[in-house]
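Here is a colleague's note to read beside the model. Please keep the sequence and the 3D view open while going through the points.

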Amino acid sequence: MPESPASPAQPPSQPGSPLDAAISSPVPALLRGSVLLLAFLVLQLVLFWSLLGYPASSRFLPAPGRRNTTWPNGAVDAGACEAGLVYVYDLPPEFNHDLVDDCESLWPWYSFCPYLTNGGFGEAAATLPVFFNVTRNVSLHSWYNTDQFQLEVIIHRRLLSHRCRTTDPSQAISFYVPFYVGLDVGSHLWGDNSTAADRDRAGLRLLRWLKNQTSFQRSGGWDHFITLGRITWDFRRYGDDGWGTNFVVLPGMANVTRLAIEADTLDPMDVGVPYPTGFHPRAAADVRAWQRHVLARKRSKLFGFAGAPRSGFRGDFRGVLLEECEDAGSERCRAVDCRGTRCTDNGAAVLELFLDSRFCLQPRGDSFTRRSMFDCMVAGAVPVLFWRRTSYDQYRWYLPPGPRGDKGEWSVFIDRQALRVGNVSVRDVLEGISERRVRRMQERVVEMIPRLVYAFSPDGLGDGMEDALDVALGGVLERIRRRWGSIAREEHPPGTFAARRVGVKSTAAPPHSDGQNGSAAAIGRGTAGKNQMPPASSYIKTVTSEASASISKTLQKS
């Protein structure tokens, strides 16, 4: 057993030696120095790897105020940002950085730290064995175990690196407020001693800070926008008691555009944007490879469902769907039990289910929307909906609203009351759709994938392909420009305006040709089939998507 470097073993000097008490041997001193240096280097390595694994906000959220140039991400050609420039506020760290650094305390049941790594995308699938057999080598590098409530971190990170970001507020037409209000209120929703004052405190402080900014004072917030990483009802508490915070209903927020994973459809300042899924491609080529993969898959199940019964809910509709799946038999349907955190901890299980299903059942979740619908579509399955507010009335910048009764190309709507009383079954409805029509629906869903995901690359997907952030930012900038032009009402989605760039072709759908839901040509294609639907079809309300380029042409690019 080696002795301590502080007391090295050495033979005693001979009596009478002149070195006996005056000068010791240099070897022990050299040994001590070497050991100390080695220990220091090991400690530095341990600290380095700890920092890599810990979601320190300073690693992916550089402070805008420390930049010395108007173009922090590189100057762009004139007209490349013709829609306008974005200014990202450098907020006091209590509103974002500190929340990330305190990731162990954000959630009462488990640590949020793994989900905040990689700029909010979570742990890479390449480090998680459960993903290996699901994504194979096709797009494994594009997949992450992403939590559904990370929108605020993801958008902030991306905008800090956006080519149209400026650090000169006088040149900006829009102003982003990177307050992680969802992370903040989420840390107070289930605490035993949490009060309404706890949930409101950060929001009130943020608005006091914001009202002192010249840009906010000038416009009253009309040219400002913010992201809400939880459903809108978590931010809409009226009165002193009740659920959530009152942040959104405070007077200072009245004019601010809010990008939320679930919006209040009656509030024009709320805009529904996609839930973050686990797919975060780095380039357009990654998207096209994934699109080819999901279209080529042989799907063994007619439909699938990811969820769990809610025994505490009267007339729980999820229980009805689980019974539908059981009645259809294991050869036609498979369900993944998502009780507790099973699907949160293992996103690969849900992905595998939807990759093997032609249709996926999407009832409402705890609220009207659920992330599962976007997981379903990214996997190339056709969503089956039972509430209009799950999608049609919610994500109008991304998904077609579709009048009732039109022939559908991307989704199926089933009357939930007819299903509940037994007048129709999911199996009968879906088996009544011809193979040709199912294929057409799948192609339309796959065509929409780029606009439903958040790219990993700070520059977006490139090659003229827009992701969810491009669509959102384009819509916000159009909305602000229209307001400054004294046009008060916004009734239509941004269309081809989203993320305009010089020399880049937009992938957004063309404007409606008939003022309804899709061009006449698209509707004609949807009704051209000669297959007659069975009686169950009277309960189907299909939704027609916007006209767009053929999926085959899109996938020919590499």
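The numbered points below start with the whole chain and then turn to single residues and pairs.

1. **Overall make-up.** Please bear in mind that this is a predicted model. The protein has 558 residues, and 53% of them are buried. Its secondary structure comes to 20 helices and 13 strands.

2. **Contacts and surface.** Take the contacts between residues at least 6 apart in sequence: 76% of them join residues at least 24 apart. The accessible surface is about 25,200 Å². Carbon and sulfur atoms account for 54% of that surface.

3. **A negative patch.** Which residues gather in a patch of negative charge on the surface? They are D98, D101, D102 and E104. D101 sits in helix α3, which covers residues 97-101. Its relative accessible area is 33%, so D101 is partly exposed.

4. **A nonpolar patch.** Three tryptophans, W109, W190 and W243, make a nonpolar surface patch of about 360 Å². W109 belongs to the loop between α3 and α4. The relative accessible area of W109 is 53%, so this residue counts as exposed.

5. **Salt bridges in total.** How many salt bridges does a search of the whole structure find? The answer is 23. Side chains of opposite charge can pair when their charged atoms come close. The next three points take up individual pairs and a network.

6. **E94 and R205.** These two residues form a salt bridge, with the closest N and O atoms 2.9 Å apart. The pair links distant parts of the chain, 111 residues apart. E94 is in the loop between β1 and α3, while R205 is in helix α8. E94 is partly exposed, because its relative accessibility is 33%. R205 is partly exposed too, at 38% relative accessibility.

7. **D270 and R236.** The side chains of D270 and R236 meet in a salt bridge, at 2.9 Å from N to O. D270 lies in strand β8 and R236 in the loop between β6 and β7, so the pair ties together parts that are 34 residues apart in sequence. Are these residues buried or exposed? D270 has 8% relative accessibility, so it counts as buried. R236 has 9%, so R236 counts as buried as well.

8. **D270 and R258.** D270 also meets R258 in a salt bridge, here at 2.7 Å from N to O. This pair joins strand β8, where D270 lies, to strand β7, where R258 lies. The two residues are 12 apart along the chain. R258 counts as buried because its relative accessibility is 1%. There is a wider network of salt bridges here, linking R236, R258, D264, D267 and D270.

9. **R199, a buried charge.** R199 is in helix α8, residues 196-210. It is buried, yet it has no salt bridge. Why is there no salt bridge at R199? The nearest side chain of opposite charge, D200, is 5.7 Å away, and a salt bridge needs a side-chain nitrogen within 4 Å of a carboxyl oxygen. Leaving aside neighbours within four places in sequence, R199 is in contact with several residues, including D184, H188, R237 and T245.

10. **R288 and E447.** Helix α10, residues 284-296, holds R288. R288 has a relative accessible area of 3%, so this arginine is buried. E447 is 159 residues away along the chain, but the C-alpha atoms of R288 and E447 are separated by 9.6 Å.

11. **Backbone points to check.** Most residues other than glycine have a negative phi. Which value does phi take at N118? It is positive, about 55°, although N118 is not a glycine. N118 is found in the loop between α4 and β2. With a relative accessible area of 34%, N118 is partly exposed. D463 also has a positive phi, near 60°. D463 is in the loop between α17 and α18.

Methods: Residues are numbered from 1 along each chain as its sequence is written. This is a predicted model: local features need pLDDT of at least 70, side-chain atom pairs count only at pLDDT 80 or more; totals for chains, interfaces and linings use all residues. Side-chain values use heavy atoms; hydrogens and water are left out. Helices (H or I, at least four residues) and strands (E, at least two) are DSSP runs, numbered from the N terminus. Buried means under 20% relative accessible area, exposed over 50%, partly exposed in between (1.4 Å probe, protein chains only). Contact means heavy atoms within 4.5 Å. Accessible areas come from the Shrake-Rupley method with a 1.4 Å probe; for residues, only the protein chains shown count as cover. Patches are made of residues with over 30% relative accessible area and no salt bridge: like charges are joined within 9 Å, nonpolar side chains (Val, Leu, Ile, Met, Phe, Trp, Tyr) within 5 Å. Lys and Arg count as positive and Asp and Glu as negative; His and the chain ends are not counted. The place of a charge is taken as NZ of Lys, CZ of Arg, CG of Asp or CD of Glu.
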